[in-house]
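Colleague: I'm new to reading protein models, and I'd love some company. Could we go through this one together, a question at a time?

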Amino acid sequence: MVSRRRLLAAGAAGGAAVLAPVGWTASGRALAAAAPLDAGDIPKYVAPLRIPPAMPPVATGPERDTYVIAVRQFRQQILPASWPRTTVWGYGSTAHPGSFGYPAPSIVARVNRPVRVTWVNQLIDARGAYLPHLLPVDPTLHWANPPGGVEHRDRHGRWDGNPRGYRGPVPQVVHLHGGHSTQESDGHAEAWYLPAARDLPPDFAVTGSAYHEFRSRFGERSGLRWAAGSATFEYANDQRPCTLWYHDHSLGLTRENVYAGPAGFYLLGGGDDLPDGVLPGPAPTRDDSPNAQYHDIPLLIQDRSFTADGDLAYPGGHATGGDAPPIWVPGFTGSTMVVNGRTWPTLTVQRRRYRFRLLNGCNSRFLLLSVVANATARPARPVLPVWQIGSDGGFLPEPVPHERVALGPAQRVDAIVDFTDVPAGTELYLVNEGPDGMYGGGRPGVDFAPADPRTTGQVLRFVVTDATGVDTSVPPEQLRLPTHPRLGPAQRVRRLSLNERMSGGSGSTVMLLGTLDERGRGLPLRWSDPVTEQPTLGATEVWEVRNFTRHVHPVHLHQVQFELLGRGHSGRSQPGPSDRGWMDTVLAYPWEVTRIKARFDLPGRYAWHCHLLEHEDNEMMRPLNVLPRGGAATGDGGPLNVPEGP
């Protein structure tokens with residue numbers, strides 16, 4: 001167990017987040033040299049919840065809002081204040097150095113008002129030299145592979161003998177998760193770019209294999225050219241109001257890049273949103289006063305592990321022997337819970353209703369959340385319902401009360417919790433009964449052991465105080481939510497598979513997407529195999545995804561928000577009330593068929609993948625190409641000749 005004296009000594013330089021000083025690089029220590037921090041030693045509920053502010057734009061005009069947002073390395077107080085600070089990465093406005101944080105400020109957008117963002121890779125030190133990764137990187141995966149040069153980028157790499165794996169400049173590319181984005185602004189995994197560092201090795205590829213194509217396409221549309229170390233994306237925001245988020249999506253590095261910190265909310269309002277005052281508010285906006293009070297609060301929930309020095313710890317999976325390379329691990333669950341960049345924070349709430357934008361930003365952990373009076377009692381005994389009013393893509397048909405909310409990685413739940421009748425001085429807790437490991441479905445305490453109630457089973461404390469003003473919001477059980485037309489008839493059904501296979505090299509289990517053969521068996525495919533999912537522009541398709549594995553997989557499609565049609569052995573069990581909204585990430589349960597319907601209305605190169613980041617980074621991602629009208633849709637499946645509904 002790590003002593004308190006050692007932690008205080010290591011944290012003597014603690015304080016607010018600061019940018020890396022001259023000459024500072026990521027920790028040169030091998031992870032094995034730093035003792036792990038026992039999560040049970042970390043005091044809980046001693047720091048207030050940090051609420052991400054709104055990202056400041058560099059320009060607002062009649063046509064669009066414009067941002068220049070970089071990713072940088074800095075130190076931030078994630079552990080309690082007297083403990084060591086943690087080196088992380090995060091986004092912020094280049095025109096506002098104080099805006100950088102983990103999580104990043106939220107981009108606040110309006111329906112049908114475009115947002116243009118220049119995303120800059122500034123993972124460099126003050127001298128302009130590149131910064132290596134904070135974590136050990138397995139270079140033998142199918143990944144961005146900058147040292148392979150132009151000819152061998154975006155392929156399997158080689159280990160150069162360094163026990164921390166790849167130590168070169170780090171690729172970045174940002175994906176707006178859930179956004180209805182054109183291909184050049186989607187954040188394709190092969191459109192990454194290195195920082196414009198002064199010491200880039202001359203034989204390295206500085207951009208991914210898709211970067212130049214998308215730079216040319218964006219230039220044709222806008223007349224703008226992307227500068228070195230950056231990419232400019234434009235988001236039309238031509239979709240329903242909803243809660244989106246942005247994060248890195250580099251090929252074979254997403255798990256480690258996101259774990260290092262770069263992520264933020266993208267809050268899309270307007271359109272057919274409800275009138276002001278109907279839902280709890282306000283949310284953070286531009287130019288808020290420092291003392292602004294918020295009743296619409298985004299909550300990014302993640303799990304992290306730390307060393308005694310405060311560094312992020314990730315199981316790089318070193319093979320036996322000190323000189324062996326780090327190897328990929330099939331899943332990760334951390335030892336602490338972090339909300340908006342702080343371990344186990346406290347939120348003071350008034351006796352009124354609050355809107356929470358819940359986001360599971362974990363690499364692999366599934367969350368089962370409830371509001372309780374006793375933080376450690378299991379089974380948890382909920383004392384307040386969590387009213388779900390929206391999912392990934394916007395409002396549900398009607399509010400749905402939950403005792404326990406399920407959230408897979410990357411999923412969002414738009415929720416209301418009503419503290420009106422809770423006495424002032426009451427302390428309540430948001431707790432988690434998801435497992436401390438891979439999730440196969442079922443009930444906590446029956447089908448799997450819930451998360452450790454002393455650590456990862458606790459998330460956030462609420463302290464209730466008297467209200468200081470009138471709550472004009474409508475009680476959730478009385479809300480009338482906007483309705484949206486459903487998708488029309490589908491022209492095609494596509495039969496797909498989730499598979500697990502033993503890796504010949506490492507002997508570990510590798511998860512793969514694929515199609516089905518004529519006997520209904522899975523045909524696993526890798527990222528580099530020929531494209532099988534190629535709908536034609538404007539087509540509406542039904543995808544039947546059969547899960548041949550023991551685990552639940554959150555399946556994410558780029559470009560589209562889709563409808564869930566059914567689940568179960570045949571895929572025709574009717575979705576529950578909370579699954580009747582629009583989604584971009586759906587949970588596919590073991591040995592079941594998950595049926596979704598989507599309309600593909602933007603042409604170009606996209607992807608679909610499992611959002612367990614360790615799986616995504618090791619082949620559980622496949623290309624999704626939308627062909628121009630007049631082309632023949634390709635891949636598994638055929639004309640829809642059976643009823644779509646359950």
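Colleague: Let me start with a single side chain: does R599 count as buried, partly exposed or exposed?
Modeller: Good place to begin, and do keep in mind that this is a predicted model. Buried means under 20% relative accessible area and exposed means over 50%, with partly exposed in between. R599 has a relative accessibility of 37%, so it counts as partly exposed.

Colleague: Which residue forms a salt bridge with R599?
Modeller: Side chains of opposite charge can pair when their charged atoms come close. For R599 the closest N and O atoms of the pair are 3.8 Å apart, and the cut-off is within 4 Å. The partner has a relative accessible area of 31%, so it is partly exposed. That partner is D601.

Colleague: How many residues apart in sequence are the parts that E544 and R595 tie together?
Modeller: These two form a salt bridge, with their closest N and O atoms 3.3 Å apart. E544 is buried at 14% relative accessible area, and R595 is buried at 0%. E544 lies in strand β30 and R595 in strand β34, so the pair ties together parts whose separation in sequence is 51 residues.

Colleague: What is the relative accessible area of D65, the salt-bridge partner of R286?
Modeller: R286 and D65 link distant parts of the chain, 221 residues apart: R286 sits in the loop between β12 and β13, and D65 in strand β3. Their closest N and O atoms are 3.1 Å apart. R286 is partly exposed at 30%, whereas D65 is buried, with a relative accessible area of 5%.

Colleague: Now for a sheet: which are the edge strands of the one in the order β5-β12-β11-β9?
Modeller: This open sheet has four strands, and the pairing is mixed. An edge strand here pairs on one side only. The two that do so are β5 (107-110) and β9 (174-177).

Colleague: Do β5 and β12 run parallel or antiparallel, and what is the bridge partner of V108 in β12?
Modeller: Strands of a sheet pair through backbone hydrogen bonds, either parallel or antiparallel. Six bridges join β11 to β12, and those two run antiparallel. Four bridges join β5 to β12, which run parallel. The partner of V108 in β12 is L267.

Colleague: Along β5, which side chains point to one face and are buried?
Modeller: In a regular strand the side chains alternate between the two faces of the sheet. In β5, V108 and R110 point to one face and are not buried. Those that point to the other face and are buried are I107 and A109.

Key
Residues numbered from 1 in each chain as written. Predicted model: local features only at pLDDT ≥ 70, side-chain atom pairs only at ≥ 80, totals over all residues. Heavy atoms only, no water. Pairing = 2+ DSSP bridges. Buried < 20%, exposed > 50% of the residue type's maximum accessible area, 1.4 Å probe, protein only. Salt bridge = Lys/Arg side-chain N within 4 Å of Asp/Glu carboxyl O.
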